Amino acid sequence: NANKRKDLAIYKLPEPAYAHTLSTKATKRIPIAYPDQFDFPPPKSQMDFDSEALFHANEKLYLLSKNRGDKQTKLYRLDSQDPEKVNTLTLLGDFDVKGLVTAADALPDGSKIAVLTYFSVWLFEKPHGSDNYLAGSVSVKKIGGGQCEAICFDDDKTLLISNEQGSLYELKLSEFEDAPISK
């Protein structure tokens, strides 16, 4: 949260066998670095190097930043997964989500992503010929479900959202409204 760490990594885990155990061990550690982080920690106005949102699409991993400095988000792509070196993320774009991003998910075909903040859910359609989802068409739905921390597509018409209090919510994509682009 303080953006001080230089030893950032993504850990790959196998799906746990819940019938037998609730614990698991990492099968791979992928060291990463943000291409635009130069200070550890950066000034408070640039506290943009935290990520709770990761999704898989187009056979790649993507991260969305939780920008404490300006309430925007940046989209990064992990292009290499070498466990023996630091893999610098590729910065694809940014967008003003007017909040702190806590989770994201993609449809299995990679055509849309859902981005969760504490007070809204944003839907982005992947633009033709680009991996910068944040440059595609966008819609938004305000929510009020407590401290929401997880989101996933249940199908291509429905999202599931959970919060820190243990509640699970269903949100239909038909409830979203086109969002004005404010860059």
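Colleague: What is the strand order in the open sheet of three strands?

Modeller: This is a predicted model. Its open sheet of three strands has mixed pairing. The strand order is β1-β2-β6.

Colleague: Which strands stand at the edges there, each with a single partner strand?

Modeller: An edge strand has a single partner, so one side of it is left without a neighbour in the sheet. That applies to residues 9-12 and residues 87-88. These strands are β1 and β6.

Colleague: In what sense do β2 and β6 pair?

Modeller: Strand β2 covers residues 28-33. Two bridges link β2 to β6. The sense is parallel.

Colleague: Which residue in β6 is the bridge partner of I32?

Modeller: I32 falls within β2, residues 28-33. Its bridge leads across to β6. The partner is N87.

Colleague: What is the strand order in the open sheet of four strands?

Modeller: Pairing in this sheet is antiparallel. The edges are taken by β3 and by β7, residues 90-95, so each of these has one side without a neighbour in the sheet. The order is β3-β4-β5-β7.

Colleague: By how much are neighbouring strands of this sheet turned against each other on average?

Modeller: The value is an average over neighbouring strands of the four-stranded sheet. Direction is ignored. The turn is 25°.

Colleague: Which residue in β5 is the bridge partner of L64?

Modeller: Strand β4 spans residues 60-64, and strand β5 spans residues 73-78. They pair in the antiparallel sense over four bridges. L64 has its bridge partner in β5, and that residue is L75.

Colleague: How much space lies in the largest pocket?

Modeller: The lining of this pocket has 21 residues. Among them, the closest to the centre are L8, A9, Y34, D50 and S51. The space is about 460 Å³.

Colleague: Which strand gives the largest share of the lining of the largest pocket?

Modeller: β1, β2 and β3 each supply at least two lining residues. The largest share is three residues. It comes from β1.

Colleague: How many nonpolar residues are in the lining of the largest pocket?

Modeller: Sort the lining by class. Four residues are polar and six are charged. The nonpolar count is 11.

Colleague: Is D48 buried or exposed?

Modeller: D48 is found in the loop between β2 and β3. Beyond its neighbours within four places in sequence, it is in contact with residues including N3, S65, R68 and K74. The relative accessible area of D48 is 7%, and buried means under 20%. So D48 is buried.

Conventions:
Residues numbered from 1 in each chain as written. Predicted model: local features only at pLDDT ≥ 70, side-chain atom pairs only at ≥ 80, totals over all residues. Heavy atoms only, no water. Pairing = 2+ DSSP bridges. 1 Å grid on protein atoms, 1.4 Å probe; cavity = no way out; pocket = protein on both sides within 12 Å on 5 of 7 lines; lining within 4 Å. Points joined across faces, edges and corners; volume = space filled by probe spheres on them. Nonpolar A, V, L, I, M, F, W, Y, C, P; charged D, E, K, R; others polar. Buried < 20%, exposed > 50% of the residue type's maximum accessible area, 1.4 Å probe, protein only. Contact = heavy atoms within 4.5 Å. Axes fitted to C-alpha atoms, helices over the stretch in contact; angles between N-to-C directions.
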